[in-house]
2 protein chains.
Amino acid sequence: MKGRALDSRKELILKVVTDDYIESAEPVGSRTIARKYNLGLSPATIRNEMADLEESGYLKQPHVSAGRIPSQQGYRYYVDSLMELQTLADEELRMIKSYIESWSKEIDTLLQQTVKLLAQITRYPSIMLGPKLQSAVFKHIQLVPLNDYNILVLVVTSTGVVENKIITVDFPVSQVELDQISNQLNRKLRGVTLENLKSSVLNELKTEIEARNGFLQQAVNLLQRTLETKERTRIYLDGVINILEHPEFKEVEKFKPLMGMMEEEEKLYRILTAPTNANGLRISIGEEIQEEAAQDCSVITATYEMGGRVVGTIGVLGPTRMDYGHVVAVVDFIAKCISKLLSPES
Amino acid sequence: MKGRALDSRKELILKVVTDDYIESAEPVGSRTIARKYNLGLSPATIRNEMADLEESGYLKQPHVSAGRIPSQQGYRYYVDSLMELQTLADEELRMIKSYIESWSKEIDTLLQQTVKLLAQITRYPSIMLGPKLQSAVFKHIQLVPLNDYNILVLVVTSTGVVENKIITVDFPVSQVELDQISNQLNRKLRGVTLENLKSSVLNELKTEIEARNGFLQQAVNLLQRTLETKERTRIYLDGVINILEHPEFKEVEKFKPLMGMMEEEEKLYRILTAPTNANGLRISIGEEIQEEAAQDCSVITATYEMGGRVVGTIGVLGPTRMDYGHVVAVVDFIAKCISKLLSPES
DNA sequence: ATTTAGCACTCGTCATATGGGAGTGCTAAC
DNA sequence: GTTAGCACTCCCATATGACGAGTGCTAAAT
């Protein structure tokens with residue numbers, strides 16, 4: 001009974017119930033449906049259908065004399081087959097346009113602005129993962145001595161991302177020596193992707209220069225250590241306040257676990273990096289999110305690219321009773337915008 | 001009547017009322033005081049004193065048949081004259097110690113950890129302002145061409161802080177040319193504080209090299225633009241969830257404006273940079289905070305230093321009914337810790 | 001003059017009762 | 001297969017009243 005495709009009238013009713021519940025946040029009853037949407041069906045018929053839908057797991061009742069609301073399975077069916085993708089409103093396009101026009105070349109600022117924009121348009125908390133280091137192309141390395149035993153390693157990649165790490169060494173190294181090393185490394189490594197760099201190039205380099213140059217050897221080690229310990233890209237979060245607009249969180253106790261989750265980068269990271277399907281879009285509903293605190297939430301994410309490669313994820317968190325049709329369209333569109341902004345052709 | 005010093009018995013009662021209210025979050029009545037604290041006074045006497053304290057503005061009543069709670073003026077008097085500074089608990093010292101031992105040399109990570117620690121110990125939301133750029137000492141500049149018209153300007157300061165900015169130029173500049181420029185600038189500027197750099201040194205340099213070198217001229221302009229547009233240091237925030245533990249925020253509507261405020265860096269910045277007194281400690285109560293959304297809150301901040309100069313602020317936000325005696329001690333102590341960590345003597 | 005006991009009064013809180021309304025399932029008629 | 005009718009359930013908003021904590025005031029005690 002579960003999971004079977006529904007006949008078209010049941011689909012219609014499931015769709016109407018879900019649409020209405022998403023809009024009103026109130027359980028929807030047969031009478032409401034008959035009155036509000038002209039389906040040519042009497043409340044009694046609708047009741048029968050709803051009872052069937054409940055039995056097969058698509059709807060549920062908060063309590064016996066209330067209307068129906070979609071179950072997780074119901075939302076899933078809705079999202080997969082029933083939902084109407086919305087087109088962006090003029091106002092929204094206007095906001096996006098003005099955002100694109102005033103984009104910052106500072107990647108950090110740009111990402112911050114992007115996630116703020118997404119939160120503003122969707123009116124849900126929005127989360128974004130910075131671009132993966134791996135897919136960037138090596139551009140420049142600079143070694144700056146801070147004092148005798150501490151060296152600042154700067155790695156610049158093709159899009160202006162700067163990674164920096166402080167490394168402690170056992171013996172003093174002079175500025176001049178460091179400059180030499182930087183220069184040699186720059187010559188050798190320009191144009192290599194960090195991924196390759198990490199996995200193979202550095203090791204080749206190491207054997208190649210074996211014994212030829214003690215300092216260079218050291219420097220390669222430094223670089224390797226830098227890339228290795230650079231654990232995770234920054235996470236951007238904005239619009240947390242938006243979720244408080246929804247009645248399901250009007251009690252603090254409901255909101256608290258979610259707030260806790262959003263303060264743990266670790267958890268946000270896990271949520272955003274769950275596997276996605278081909279086109280990069282992903283919708284996770286309720287328990288599909290592997291996260292205790294978000295059982296009553298849904299997450300919509302899209303991946304974004306940089307020069308044709310997927311490098312990061314942007315997404316929205318909301319109650320399961322979320323405006324899927326709208327948010328999917330927005331997230332998808334904005335992910336495409338950021339991909340364009342990050343892939344320089346000029 | 002207002003603001004006059006209180007006689008010792010009134011002080012005692014104001015202190016007891018405030019202490020008790022901070023602990024219980026319930027209005028405190030004369031009977032409670034007489035029973036709980038052995039002051040050798042009858043409830044009636046205490047009532048009379050409380051009536052006086054209310055008349056002169058130190059206490060107020062939520063409603064006529066409830067106990068008293070401190071007014072803003074009452075808290076102010078408490079904080080200035082009555083509060084007992086607590087000493088840190090062993091557990092807290094242990095946490096701080098383990099934090100110091102595992103400190104990260106990445107300044108960004110270090111600040112993140114610090115504010116998390118503060119939030120954990122105080123159980124209030126904690127905010128921290130990154131070190132002001134101005135007081136840092138110039139260490140290194142690097143110009144990296146990203147493509148023909150975009151140049152990444154990297155400025156490294158004495159403590160390993162990296163500022164980066166992308167600058168667009170009108171005509172292509174080659175890597176070699178940029179290297180020359182970087183080198184020259186590095187020679188000239190090493191050891192100068194950014195403050196001096198911004199205000200005078202760069203201008204001197206500009207006139208000095210006038211016409212001698214077109215590129216160098218350009219580069220100085222770049223540097224100037226970089227330092228100018230680097231508007232504000234990053235703000236770190238953690239432990240927002242803690243404030244939800246307090247009954248004054250059990251209704252979402254009370255919490256919402258605060259959440260909104262904490263998502264606006266602009267506002268956090270203003271709160272943290274209000275003027276402080278000599279020793280760097282500041283306690284702002286209720287309306288003393290120039291921020292609509294925080295009228296029922298207090299902020300305790302301390303400044304921290306880097307090589308003897310005040311460079312930033314760290315603080316805690318809580319309800320006016322805040323555990324001042326405890327939080328002041330912790331904030332002060334942690335500010336001193338971070339000052340030590342940031343002022344390298346090794 | 002100050003302190004205290006006593007007392008009437010206020011007001012918020014909590015538990016209980018009550019009625020209305022929205023919605024259901026079931027049955028019988030269409 | 002659909003629908004009208006109806007009894008029934010259960011939430012919710014409102015009213016009610018008892019209770020208790022706390023007050024101010026007055027008068028007596030110190």
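Select Arg9(A) and DNA strand D to begin: in this predicted model, an N or O atom in the side chain of Arg9(A) is placed 2.7 Å from a phosphate oxygen of DNA strand D. Keep DNA strand D selected and show the residues around it, of which there are 21, the closest being Arg9(A), Thr45(A), Val64(A), Ser65(A) and Ser30(B). Of the atoms of this strand that come within 4 Å of the protein, 76% belong to sugar and phosphate.

Next, move to Arg47(B), where the partner is a base: an N or O atom of the Arg47(B) side chain is 3.2 Å from a base nitrogen of DNA strand D. Then select Ala66(B), and display its backbone, since the contact to look for there involves a backbone N or O atom, which lies 3.4 Å from a sugar or linking oxygen of DNA strand D.

Now colour the helices. At least two residues of the surface near DNA strand D are supplied by each of α3 of chain A, α2 (30–36) of chain B and α3 of chain B, and the largest share, 4 residues, comes from α3(A). Colouring that surface by residue class should give 5 nonpolar, 12 polar and 4 charged residues.

Turn next to DNA strand C and show its surroundings, which comprise 20 residues, with Ser30(A), Arg9(B), Thr45(B), Val64(B) and Ser65(B) as the closest. Here 75% of the strand's atoms within 4 Å of the protein are sugar or phosphate atoms, and the rest belong to bases.

Three residues deserve a separate selection on this strand. For Arg68(A), display the side chain, one polar atom of which lies 2.9 Å from a phosphate oxygen of DNA strand C. For Ala66(A), display the backbone, where an N or O atom lies 3.4 Å from a sugar or linking oxygen of DNA strand C. For Ser65(B), listed among the closest residues, follow the side chain towards a base, where a polar side-chain atom lies 3.2 Å from a base oxygen of DNA strand C.

Finally, which helices each supply at least two residues of the surface near DNA strand C? Select α2 (30–36) and α3 (43–55) of chain A, and add α3 (43–55) of chain B, to see them together; among the contributors to this surface, α3(B) gives the most, with 4 residues. Colouring by residue class, as before, should divide the surface near DNA strand C into 5 nonpolar, 11 polar and 4 charged residues.

Notes:
Residues are numbered from 1 along each chain as its sequence is written. Chains are lettered from A and ligands numbered from 1 in the order in which they are written. This is a predicted model: local features need pLDDT of at least 70, side-chain atom pairs count only at pLDDT 80 or more; totals for chains, interfaces and linings use all residues. Side-chain values use heavy atoms; hydrogens and water are left out. A residue is near a molecule or strand if one of its heavy atoms lies within 4 Å of it. A polar contact is a pair of N or O atoms within 3.5 Å; within protein, one must be able to donate a hydrogen and the other to accept it, and residues adjacent in sequence count only if both atoms are side-chain atoms. Ala, Val, Leu, Ile, Met, Phe, Trp, Tyr, Cys and Pro count as nonpolar, Asp, Glu, Lys and Arg as charged, and the others, Gly among them, as polar.
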